[in-house]
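Trainee: Please take me closely through one part of this structure. I would like the sheet and what packs on it.

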Amino acid sequence: MGGGRWRRILSGLWRSIAVWAVSTVTMLVLAGALPDFQLQSDTGDSATRIAVTAGVGAGVFGLLSSMVWPLLVRALLLVPALVLGLLVFFLNGSLLLIALWINPSGRGEAAPETAVVVAAVMSAVASATGGALAVRDDDAYRRRLYRLADRRRRRADGRSGPATPAAVFLQLDGVGHDVLREAVGRGLMPTLAQWLGAGGPAGARVTHRLTAWRTDWSSQTGASQLGILHGSNHDIPAFRWYEKERHEVMVCNRPSSAAELQRRAVEFTGDGGLLTADGASRGNLFSGGADQLALVLSVSARRGRENRSRAGYFAYFIDPANAVRTVLSFGAEVLREITSSTRGRLRKLRPRVKRGGLYPFIRAFATVVERDVVVTAVIGDMLAGRNAVYADLVGYDEVAHHSGPRGRDADKVLARLDRSIALIAKVADHAPRPYRIVLLSDHGQSPGETFLTRYGLTLGNLVRAGCGLPVPRRARRTHSGAEARAAVRAALRRPVEEGGAQHPPSQHRSEPVVLASGNLGLISFPDVPHRMSREEIDRRHPALLSTLANHPGVGFLLVRSEEYGGLVIGAHGAEVPLDELDDEHPGPLADFGPGAADVVRRTHSFPHAADIMVNSWYDPAEGEVLAFEEQIGSHGGLGGAQGRPFLLSPVALSAPVEDGAELVGAEQVHHVLRRWLRECDGPQVPLPARPNERAA
């Protein structure tokens, strides 16, 4: 046995002894501080005997945690993640009670509720101690991370990966190009600053390049990630849309919809996706054809343990210290959100949306639980030597929706994301093969108050008013609602009624379906089996299109015309055939920047484009839009930073595009990532789809 191996054994032994000693001291301190927790008999014991009781109790608790905890977590995989987080405390407390019960001294005793507190504190202290020692000992740190990879190897064929480079693609959901650049410049993300050579010593080596790219009209995760992972986002008009032939609303983050969208993309392209050869998909909406899946929405509804989305929690929560640390961080994040929202209300900050109810827990799940599970899964994939890993970190997007893309809360999330990236980069030094780490985002976010806040009614209310349908009394009293009713009466040649009496609703077979995707609205008439034309809409609802187009909160409309095909309608009677629009002659799209006509034209070609597509107003000077949802940082349509995400790639890989060219659309990003995999001497994608991905 070589000297290096002996040193590793001794180092591991020393680390275990140190953790045990700290746990023993922690147990002694808690026994003195908590009245319902004691380590001595009622008649009293010597200090030595009390110390022995604490030492044995700490040792037994540690052994039980390492042996029994993995079995408990595996048995609880069917429990929802939030419930599992709460059970962590009670399970740890139960293990401590067992440890005290089987203690040979027979002197340990604790009330059940006290046992929960003691176990949580001991697990947290043990985790902190072990982590501190691991930071000072690269071998110990490496062994700690290898435990996760070993579990995956035992389920694989045991073969080590090749020595050629592999790739890790980390998606920072919702982080726009300009937001990232500003965060690097302000020192919020020192790891990325070091990669870009910013803020470091003169002559620092630049390892990565930052590139902006432009999304499609539907600037949201469903369209972008499907295009990036599967090479096609054809017929994804928005985050939500109505399919008339199926009589169904499709929602990109609904498991059944995600599965159907992935099936369609695979059928459209003929290949399984970016990750078909020894790939891993972590925390994504779609699998990318990967075999290794964790928290992937498109397969979450499938039967079988390997395909259940929550099975990815096992690799993380198998370690009780991880579980306790994450649950404690979860609670801290909930308190942080409550404090922040309360501060905003007291200061009457604007814009602001409601952040009560379950939202603090949703935020904590996205920024803590999902982040920790996904990062741990990526670490395991790297130590297992996988060819390609794609992971989505969603915390920033969730927080920016409610706190603003440049808010204080969003800045804190960016700083924590940088620490996660630094950890993954450090693991790359210990991986069995070199890794190229690529960061990218699927879209940005544009700030602005909501349509409802500014005008007092929703887009759905405005559509109903424009159709002559009943609307809530509060919406009727708004200026927009009154104008819409007046427009309807004028179009129908009926007098304006002073007393506020409502014209009886039109007797049609169904009412319009109005859906919001950020600042993009979709209006469909479900009783008409085809996409309605402008002429048909005017015959049915003669005031609707003019009501929408002339509303100050609307930027432009897209409809199908029997005479012109695609037709873009703006305020004050502006109507331009889509084929006549380009960057030199943008018409009503002038404020929305270069390429707007191209992405609108592409969406018009989709079979499931809505009868009326509505893009909100956009202020190019301030970069603000008006979300049709309750979000002060939004994305989903055209206008501002939402359509300008980033790609941060190693300089060892070829440039995404040639100098002076622009990277446009998620499908083009897919081709860039495929090219980089080939440059890594990785798998030659695309590969054929597996049968279950082609099946309906």
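Mentor: Start with E12, which is joined to strand E13 (residues 520-524) by five bridges, the two running antiparallel. Ala 516 sits opposite Gly 521 in E13. A word on the source: this is a predicted model, where local features need pLDDT of at least 70, side-chain atom pairs count only at pLDDT 80 or more, and totals for chains, interfaces and linings use all residues. Residues are numbered from 1 along each chain as its sequence is written, and side-chain values use heavy atoms, leaving out hydrogens and water. Strands (E, at least two residues) and helices (H or I, at least four) are DSSP runs, numbered from the N terminus.

Now the whole sheet. It is open, has six strands and follows the order E12-E13-E17-E14-E15-E16, with antiparallel pairing. Pairing takes at least two DSSP bridges between two strands. Strand E12 (513-517) and strand E16 (575-577) each have a single partner strand, so one side of each lacks a neighbour in the sheet. On average, neighbouring strands are turned by 20° against each other, direction ignored.

H21 packs on this sheet and touches E14, E15 and E17. Contact means heavy atoms within 4.5 Å. The direction of H21 makes about 40° with that of E14; axes are lines fitted to C-alpha atoms, for helices over the stretch in contact, and angles run from 0 to 180 degrees between N-to-C directions.

Look at helix H21 (residues 596-604) itself. Its buried residues (under 20% relative accessible area, 1.4 Å probe, protein chains only) are Ala 596, Ala 597, Val 599, Val 600, Thr 603 and His 604. Down the axis of H21, they fall within an arc of 165°, so they line one face of the helix. That arc is taken from the directions from the helix axis to the C-beta atoms. Their cover includes strand E14 (554-561), strand E15 (565-569) and strand E17 (612-616).

Notes:
Buried < 20%, exposed > 50% of the residue type's maximum accessible area, 1.4 Å probe, protein only.
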